[in-house]
Amino acid sequence: MTSTTQTTRHVAVALQKGGVGKTMVSINVAGALANRGHDVLFVDTDPQGNATEGLGFADTYLEDAPHLASILADGEGDLADIVLEHEEMDVVPSNIDMFTAEAELVSAMQGRRRLERAVDGLLEERDYDFVIYDTPPSLLVMTDSALLAAGNVLIPALAEETSTRALDILFNQIDTIEENFSTTVREVGVVANRVEPDGESKRMMDWFEETFGGAVPVFEVRKRVALKRAWNNSVSIFEHDESSDMEVVFDDIAAHLEAEL
Ligand SMILES: Nc1ncnc2c1ncn2[C@@H]1O[C@H](COP(=O)(O)OP(=O)(O)OP(=O)(O)O)[C@@H](O)[C@H]1O
Ligand SMILES: [Mg+2]
């Protein structure tokens, strides 16, 4: 055991339900990993481009090709040409043309594998310890692509009753992907988000623990304006000039990913 080479670890942050905190969690998990000294690549696969904008690249979202959409639609091209430097991580930005690229990829042979191929191409040129994928609020091509590219999924879910069905739907989709692509997609954790000191949050935390507690850790992220303020300053809470009690939670998630993947 003389090799010290650590292969790149990949995590998709996914749940098809909208507004559950996918983007907030992916930015702050990436920030937590960077804060631990890792080289992190952030891939924004969401055509909405919220993470791209939230990391300070709103202009890039509107630029012409080459961009992630053209690289995926053509099935060729180099992510190294479009990757951007953020103070905490490197970023493959989304682009408004991702909306149409997603539709084209549905009918392409192995369209859902193109993201993985593109990221592998970049990894031949550059070393990253972790690749974090933010995903759209849908179970369409880009979410499938990110799940396939990552092989691991971190699931953010609101501490609300509606999450039980949302999780069932995601797990069905993961089963389908595993069957169709003869692969495995491993659940690496659940992030209960916007937890508040009320009865519904408490009931749902009990439910998350009962349902997942034995198998994967359930992390608890509170509703905090500091998370919003960091986002508005284009950084994670680790880089933002304001301390937050949620730093320890995101650091726990990063430590878990470090240990388990
Ligand atoms: N724990 C939290 N405390 C305070 N605000 C939060 C928290 N989690 C998320 N938010 C805010 O709630 C909104 C929705 O979060 P976010 O955009 O991360 O969800 P999403 O799942 O990525 O949404 P979409 O499905 O549209 O991609 C954002 O404005 C975000 O800043
Ligand atoms: Mg989002």
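What follows is a chat between a trainee and a mentor about how the terms used for this predicted model are earned.

Trainee: What should I know before we start?
Mentor: The model is predicted, so local features need pLDDT of at least 70 and side-chain atom pairs count only at pLDDT 80 or more, while totals for chains, interfaces and linings use all residues. Residues are numbered from 1 along each chain as its sequence is written, chains are lettered from A and ligands numbered from 1 in the order in which they are written, and side-chain values use heavy atoms, with hydrogens and water left out.

Trainee: Why is aspartate 78 called partly exposed?
Mentor: Buried means under 20% relative accessible area, exposed means over 50%, and partly exposed is what lies in between (1.4 Å probe, protein chains only). Aspartate 78 comes out at 25%, so partly exposed it is.

Trainee: And what makes alanine 215 exposed?
Mentor: Its relative accessibility is 68%, and the bar is over 50%. Alanine 215 is in the loop between α9 (199-212) and β8. Helices (H or I, at least four residues) and strands (E, at least two) are DSSP runs, numbered from the N terminus.

Trainee: Back to aspartate 78: which residues is it in contact with, beyond its neighbours within four places in sequence?
Mentor: Ile71 and Glu125. Contact means heavy atoms within 4.5 Å. Aspartate 78 itself is in the loop between α4 (68-74) and β3 (84-85).

Trainee: What makes the pairing of aspartate 78 with alanine 80 a polar contact?
Mentor: A polar contact is a pair of N or O atoms within 3.5 Å; within protein, one must be able to donate a hydrogen and the other to accept it, and residues adjacent in sequence count only if both atoms are side-chain atoms. Here a polar side-chain atom of aspartate 78 is 3.0 Å from the backbone nitrogen of alanine 80, so the distance passes the 3.5 Å limit.

Trainee: How do you know that ligand 1 has polar partners too?
Mentor: Same distance test. An oxygen atom of ligand 1 is 2.9 Å from an N or O atom in the side chain of lysine 22. For arginine 194, a side-chain N or O atom is also 2.9 Å from a ligand 1 oxygen. As for cover, ligand 1 taken alone exposes 620 Å², and the protein buries 87% of that (Shrake-Rupley method, 1.4 Å probe; for residues, only the protein chains shown count as cover).

Trainee: What makes arginine 194 stand out in its backbone?
Mentor: Its phi is positive, about 55 degrees, although it is not a glycine. Most residues other than glycine have a negative phi, and most peptide bonds are trans. Arginine 194 lies in strand β7 and is partly exposed at 44%. Glutamine 110 also has a positive phi of about 55 degrees, and glutamine 110 is in the loop between α5 (98-107) and α6 (114-125).

Trainee: Which peptide bond is cis?
Mentor: The one from alanine 65 to proline 66, with omega near 5 degrees. Proline 66 is in the loop between α3 (58-61) and α4.

Trainee: Why is helix α7 called largely enclosed?
Mentor: Ten of the ten residues of α7 (residues 141-150) are buried, so the rest of the structure largely encloses this helix. Among them are Val141, Asp144 and Leu148. After α7 comes glycine 151, with a positive phi near 75 degrees.
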